[in-house]
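I am opening a notebook on this structure. I will write down what I look up, in the order I look it up.

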Amino acid sequence: MKKAALAKLCGFALMCLGCSSQQNIETAQPALLLETSPEIQGKLQVAVSQALGGVNVTLGPRVFVDDTILVIENDPKKMALIGRDMGRPIKFQLVGNGEKCWLRRLSNGESWELPVMCKPVSTG
């Protein structure tokens with residue numbers, strides 16, 4: 001009986017964490033990285049690659065330092081292999097809420113939490 005109660009408690013805790021994480025991203029604003037390094041660049045590169053379905057990408061050293069938007073130009077040969085629309089570039093935005101940062105695909109709002117530090121910036 002204790003295992004069933006523990007399983008219910010764990011399930012409830014995970015559900016609450018999911019709601020909290022969703023709520024955090026809903027309040028997120030465009031953001032810039034607080035710092036950059038080869039390690040941070042590597043983490044961003046992995047996240048963008050995963051967001052594109054595993055396509056290898058190369059990012060510049062100042063990605064998300066000067067601008068909150070990242071535009072990925074399509075390579076028709078590679079993108080056709082994963083069934084992506086080859087007509088438009090893919091745009092991502094770095095967003096944060098002061099505690100966490102996410103990579104958000106602008107076309108559909110899909111997002112991925114990032115293991116980096118960023119600061120929200122005013123867009124006005």
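**Entry 1: the core.** I began with the inside of this predicted model. The largest nonpolar core has 25 residues. Within this core, V48, F92 and L103 have the most contacts. I then listed the elements that give two or more residues to this core: β1 (29–33), α2, β2, β3 (90–96), β4 and β5 (111–114). The largest share, five residues, comes from α2.

**Entry 2: the whole chain.** I stepped back to see the layout. The chain holds three helices and six strands. Along the sequence I read the pattern α-β-α-β-α-β-β-β-β. I noted 124 residues, of which 32% are buried. I also looked up contacts between residues at least 6 apart in sequence; 50% of them join residues at least 24 apart. The exposed area is about 8,200 Å², and carbon and sulfur atoms supply 56% of it.

**Entry 3: helix α2.** I returned to the helix that gives the core its largest share. Which residues of α2 are buried? I found I40, Q41, L44, A47, V48, S49 and A51. These buried residues pack against β1, β2, β3, β4 and β5. I checked the length next. With 14 residues at 1.5 Å a residue, α2 should span 20 Å. Its end C-alpha atoms are 20 Å apart, so the span agrees. After α2 comes G53, with a positive phi near 80°.

**Entry 4: strand β3 and its partners.** I counted the covered residues of β3: six of its seven are buried. Then I traced its pairings. β1 and β3 run antiparallel, joined by two bridges. Here P30 has V95 of β3 as its bridge partner. β2 also pairs with β3 in the antiparallel sense, over four bridges. In that pairing I69 stands opposite Q93. β3 and β4 are antiparallel too, with five bridges between them. V95 appears again here, as its bridge partner in β4 is W102. I looked at the turn as well. β3 and β4 make a hairpin with four residues between them. G98 sits in that turn, and its phi is positive, about 95°.

**Entry 5: L103.** I went back to one of the residues with the most contacts inside the core. What does L103 touch, leaving aside its neighbours within four places in sequence? The list I wrote down is A47, V48, A51, F64, F92, Q93, E110, S111, W112 and L114. F92, like L103, was on my list for the core.

**Entry 6: F64.** One of the contacts of L103 is F64, so I looked it up. F64 lies in the loop between α2 (38–51) and β2 (69–72). Its phi is near 65°, a positive value in a residue other than glycine. Is F64 buried or exposed? F64 is buried, with a relative accessible area of 2%.

**Entry 7: the disulfide.** I searched the whole structure and found one disulfide. C101 and C118 form this bond, with their sulfur atoms 1.9 Å apart. The pair links distant parts of the chain: C101 is in β4 (residues 101–105), and C118 is in β6 (residues 118–120). They are 17 residues apart. The torsion about the S-S bond is about -120°, so I noted the disulfide as left-handed. I checked cover last. C101 is buried, with a relative accessible area of 1%. C118 is buried as well, at 7%.

Note on methods:
Residues numbered from 1 in each chain as written. Predicted model: local features only at pLDDT ≥ 70, side-chain atom pairs only at ≥ 80, totals over all residues. Heavy atoms only, no water. Buried < 20%, exposed > 50% of the residue type's maximum accessible area, 1.4 Å probe, protein only. Contact = heavy atoms within 4.5 Å. Areas by Shrake-Rupley, 256 points an atom, 1.4 Å probe, with all protein chains shown as cover. Disulfide = S-S within 2.5 Å. Core = buried A, V, L, I, M, F, W, Y, C linked by side-chain atoms within 4.5 Å. Expected span 1.5 Å × (residues − 1). Pairing = 2+ DSSP bridges.
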